[in-house]
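Ready to practise reading a fold? Have a look at the model below, then work through the exercises one step at a time.

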Amino acid sequence: MALLKKQNILPEHGPINEEGKEVLVSLKNVDITFGKGESAVRAVKNASFDIYKGETFSLVGESGSGKTTIGRAVIRVNPCAAGEIDYKGVRISGRISKKLDREVIRNIQMVFQDPAASLNERATVDYIISEGLYNFHLYENEADRVAKVENMINEVGLLPEHMTRYPHEFSGGQRQRIGLARAMVMEPELVVADEPISALDVSIRAQVLNLMKKFQREQGTTYLFIAHDLSIVRYISDRIAVIYKGDIVEIADSDELFNFPLHPYTHSLISAIPIPDPRLEKNKVLYTYDPSIHDYSTEKPELRCIGHDHWVFGTQAEVDAYQATRDSGVPVKSITILDPDDPESAKVLAAQNDADTPDPVMETPLHDTGSLWYSVGSFFLPPIGLIAAWIFHHFKHKRNAKACLRGALTSLGLIAALCVLFALMLWVATF
């Protein structure tokens, strides 16, 4: 292993673990920090996991948890503050030779989360997809290059005539497909897919996922799939890692994780998956993760294996409790649906609905702005202004109702004042 790490080229195969699986990527105690001194932010803390050849390894968690940060570290965009990242047993984090860096770029591609920011606005789609082919000369002649680009364009659901257009002429979903085509045309061994379908229409999502599976079957492509939609993750993943505020809290096979979500944070993520039936969704009890339930003041938590290739983050006492739950063999019930006809269940649902009640400020209608023009119009047409005020008040547009009422009353008050003044002037003129 030490000899491999000093190589300037990548071996044909990665190391084989105890289970006989080829380890393509290995993260070992990786820390990623942004900033320096007191303002430094530790975005990823002591992350360790392996990605096996030909599998889809998913990384899930809420926004800001460090998913994308890890993905960008694998492609050498984010430097590691501590630990190391190995690819086929060769260290690729930190300073490496230009030759090795070129091989890493050739073998690892990424589909970025923001397609607008990751595409060159001055380049045509043809050039964007062909750029990697040009740089590594992965085509025999011009006809072969065009054929590869056209084939990939068709595979991701675009048309050949799109090749001469520019990124700003496409929608967000189409740009994401261009980014996917740019990565897959290189025929990489590893693809870091950062929310690759989040910008796609629902009708095209299954097509893109099936396309990724097709590449995996035909070319043995390995995926590091970054997402927050657990329903999609369950469909495409072989193994799943759950990350919370930079800590990997649980790693397991897809079915294992959904049947035995042992860490409370994993439990909360699964309970938040929407149920298609609105009646069941209305009666579902959401499980909310509270970090204060952990006591890490005396013992630091670690990621420990409890068997079944299932890793959970916690202290020894917590891990023992998790292992007892797993050894019982009884699947963990992560979603609870209550019966609204049951008095006790009705109380729980009522309390949950009260907690979900939005702030009164948020209940203000979208167009209830109290515009000055309502006051001006009501000032010149007070009868219509009064009618409009009543209508706005009926539909809870309180600001608009006040504006109309203010304008109408100001106008009527001015008219009344003018009438009184005219009456006084007329009375004075008679003497």
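**Exercise 1: a helix on a sheet**

In this predicted model, helix 8 lies across strand 3 (56–60), strand 7 (190–194) and strand 8 (222–227). Find the angle between helix 8 and strand 8.

Solution. Look along helix 8 and then along strand 8: the helix runs at about 155° to that strand. Next, try the other example, helix 13 (residues 316–327), which lies across strand 12 and strand 13 (311–314). Here the angle to strand 13 is about 145°.

**Exercise 2: the order of the strands**

Write down the order of the eight strands in the open sheet, and explain why strand 6 and strand 12 each have one side without a neighbour.

Solution. Start by walking across the sheet: the order is 6-7-8-3-9-10-13-12, with mixed pairing. Strand 6 (108–111) and strand 12 (302–305) stand at the edges with a single partner strand each, so one side of each has no neighbour in the sheet. On average, neighbouring strands are turned by 20° against each other, direction ignored. Now zoom in on strand 9 (residues 239–244) and strand 10 (residues 247–253): they run antiparallel and are joined by six bridges. V242 stands opposite E250 in strand 10.

**Exercise 3: into the core**

Which helix gives the most to the largest nonpolar core?

Solution. First, find the core: it has 53 residues, and I129, I178, M212 and F225 have the most contacts inside it. Helix 8 (residues 202–219) gives the most, with six residues. Then pick F225: beyond its neighbours within four places in sequence, its contacts include F57, L209, M212 and I236. Apart from this core lies another, of 32 residues, with L10, L224, A241 and I251 among them.

Note on methods
Residues are numbered from 1 along each chain as its sequence is written. This is a predicted model: local features need pLDDT of at least 70, side-chain atom pairs count only at pLDDT 80 or more; totals for chains, interfaces and linings use all residues. Side-chain values use heavy atoms; hydrogens and water are left out. A nonpolar core is a set of buried Ala, Val, Leu, Ile, Met, Phe, Trp, Tyr and Cys residues joined through side-chain atoms within 4.5 Å. Buried means under 20% relative accessible area, exposed over 50%, partly exposed in between (1.4 Å probe, protein chains only). Helices (H or I, at least four residues) and strands (E, at least two) are DSSP runs, numbered from the N terminus. Contact means heavy atoms within 4.5 Å. Two strands pair if DSSP finds at least two bridges between them. Axes are lines fitted to C-alpha atoms, for helices over the stretch in contact, and angles run from 0 to 180 degrees between N-to-C directions.
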